[in-house]
Amino acid sequence: MTPLLLEDRYGRVATDLRVSLTDRCNLRCSYCMPPEGLDWLPDDSVLTDDEVVRLIRIGVERLGIQEVRFTGGEPLVRRGLVDIVRRTRELGEHLDISVTTNALGLSRNATALKDAGLDRVNVSLDTARADTFHRITRRDRFHDVVAGLEAAQAAGLGPVKVNAVLLRGENEDQAPELLAWCLERGYELRFIEQMPLDAQHGWSREGMVTAEEIFASLSTAYTLTPAEEPRGSAPAELFTVDGGPGTVGVIASVTRPFCGDCDRVRLTADGQVRNCLFARSESDLRAALRDGVDDEELAQRWVVAMLGKAAGHGIDDPTFLQPDRPMSAIGG
Ligand code: SAM
Ligand code: SF4
């Protein structure tokens, strides 16, 4: 077997695979999807557990994938999640395996996920207030998320990271409060700039809370010092809080893009390879797989899919076009 690399025309090599396991979700975050939800993918277009694991295996065995992160939609609503994690772990002890989740139901299966070989979770939580949570997510489930976070930490799925998006007029003034809440509990908080990936196309550059504003807001309550560890391909700019040991990250995807260091590739729940969140095209590995194509040919097609990766997302270009699929259907 000749080893291949997922290298693009700019010399970037993808080693971090984001696998979406479903486009469905049990929350309705206002910056992600409308209150009524979306037209979910038909069941028969979603990869089966065997198909997902086969593509991950090809990525790991033939294409140099080192990290696998399961996402969605909400990956915890996928029935086979624990088994998929277990079968992914069997591909190698060296693999870094994580899940990005809203944590609903995590209190029930954090231990099973840990036992299956999961390393870490990233939990999305935009506020430490139950009423703000209800307004943003349109569901009254704040306490379930808190229980999920606690269970993840107790199960050893750490360091537990919390991802937060700030929305103008909603939780934009809650950054210091959320940081205090996370520091108290030992969670690593990272703020992510809102991106034009919502299904409703409601994003605007003026409407988003920028990394600079987030930094300024945090600085009213804390002294932030750039952390010493090298950033590498990690999207978060990391700061030490009040001399440490606590830290906070800011992911300035829009205002300070890190596309030049990108090492990610995505597989959607319906088996499409996307070389970028903002890609305008996809490569259909599901059709190839269901046509009986062998592993070597699938790997070749995946390599070819990377060659079209753009240099950057171009959100600031006048010609920028939002991708056809929203974040929840791509896998965030
Ligand atoms: N449902 C899971 C969750 O919320 O963690 C996984 C999927 S969700 C699409 C992944 C991440 O994308 C979450 O942290 C969420 O906050 C973030 N996200 C969703 N829409 C976004 C947007 N328009 N801009 C920035 N981040 C977004
Ligand atoms: Fe669901 Fe995650 Fe989107 Fe919120 S951000 S609606 S939890 S997919």
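The points below go through the two ligand sites, the nonpolar core, one helix and one short strand of this predicted model.

1. Ligand 1 has 17 residues around it, and those that come nearest are Tyr31, Gly73, Glu74, Ser124 and Met195. By class, the shell consists of five nonpolar, ten polar and two charged residues. As for secondary structure, strand E3, which spans 96–101, and strand E5, which spans 161–165, each supply at least two residues of this shell.

2. Several polar pairs can be listed for ligand 1. One of its nitrogen atoms is 2.8 Å from a polar backbone atom of Met195, and a nitrogen atom of the ligand also lies 3.1 Å from a polar side-chain atom of Glu74. On the oxygen side, an atom of ligand 1 is 3.3 Å from a polar backbone atom of Thr101. Of the 550 Å² of accessible area that ligand 1 has on its own, the protein covers 95%.

3. Ligand 2 is surrounded by Cys25, Leu27, Cys29, Cys32, Met33, Gly73 and Asn102. This shell divides into five nonpolar and two polar residues, with no charged residue. Gly73 is listed around ligand 2 and is also among the residues that come nearest to ligand 1.

4. The largest nonpolar core comprises 101 residues, and Phe70 and Phe191 are the members with the most contacts inside it. Leaving aside residues up to four places away in sequence, Phe191 touches Ala164, Leu166, Ala175, Leu178, Ile214, Leu218, Val248, Gly249, Val250 and Ile251.

5. Helix H6 covers residues 175–185, and its buried residues are Ala175, Pro176, Leu178, Leu179, Trp181 and Cys182. An α-helix has 3.6 residues a turn, so residues three or four places apart point the same way. The cover over the buried residues of H6 includes helices H5 (142–155) and H7 (211–219), together with strands E5, E6 (188–192), E8 (237–241) and E9 (247–251). Just after H6, Gly186 adopts a positive phi of about 80°.

6. Why does Leu224 count as buried? Its relative accessibility is 12%, and the cut-off for buried is under 20%, so Leu224 falls within that class. Leu224 belongs to strand E7, residues 224–226, and, not counting residues up to four places away in sequence, it touches Phe215, Leu218, Ser219, Phe239, Thr240, Val241 and Val248. Leu224 and Asp242, although 18 residues apart in sequence, have C-alpha atoms 6.3 Å apart in space. Leu218 and Val248, which are touched by Leu224, are also touched by Phe191.

Definitions and conventions. Residues are numbered from 1 along each chain as its sequence is written. Chains are lettered from A and ligands numbered from 1 in the order in which they are written. This is a predicted model: local features need pLDDT of at least 70, side-chain atom pairs count only at pLDDT 80 or more; totals for chains, interfaces and linings use all residues. Side-chain values use heavy atoms; hydrogens and water are left out. A residue is near a molecule or strand if one of its heavy atoms lies within 4 Å of it. A polar contact is a pair of N or O atoms within 3.5 Å; within protein, one must be able to donate a hydrogen and the other to accept it, and residues adjacent in sequence count only if both atoms are side-chain atoms. Accessible areas come from the Shrake-Rupley method with a 1.4 Å probe; for residues, only the protein chains shown count as cover. Helices (H or I, at least four residues) and strands (E, at least two) are DSSP runs, numbered from the N terminus. Ala, Val, Leu, Ile, Met, Phe, Trp, Tyr, Cys and Pro count as nonpolar, Asp, Glu, Lys and Arg as charged, and the others, Gly among them, as polar. A nonpolar core is a set of buried Ala, Val, Leu, Ile, Met, Phe, Trp, Tyr and Cys residues joined through side-chain atoms within 4.5 Å. Buried means under 20% relative accessible area, exposed over 50%, partly exposed in between (1.4 Å probe, protein chains only). Contact means heavy atoms within 4.5 Å.
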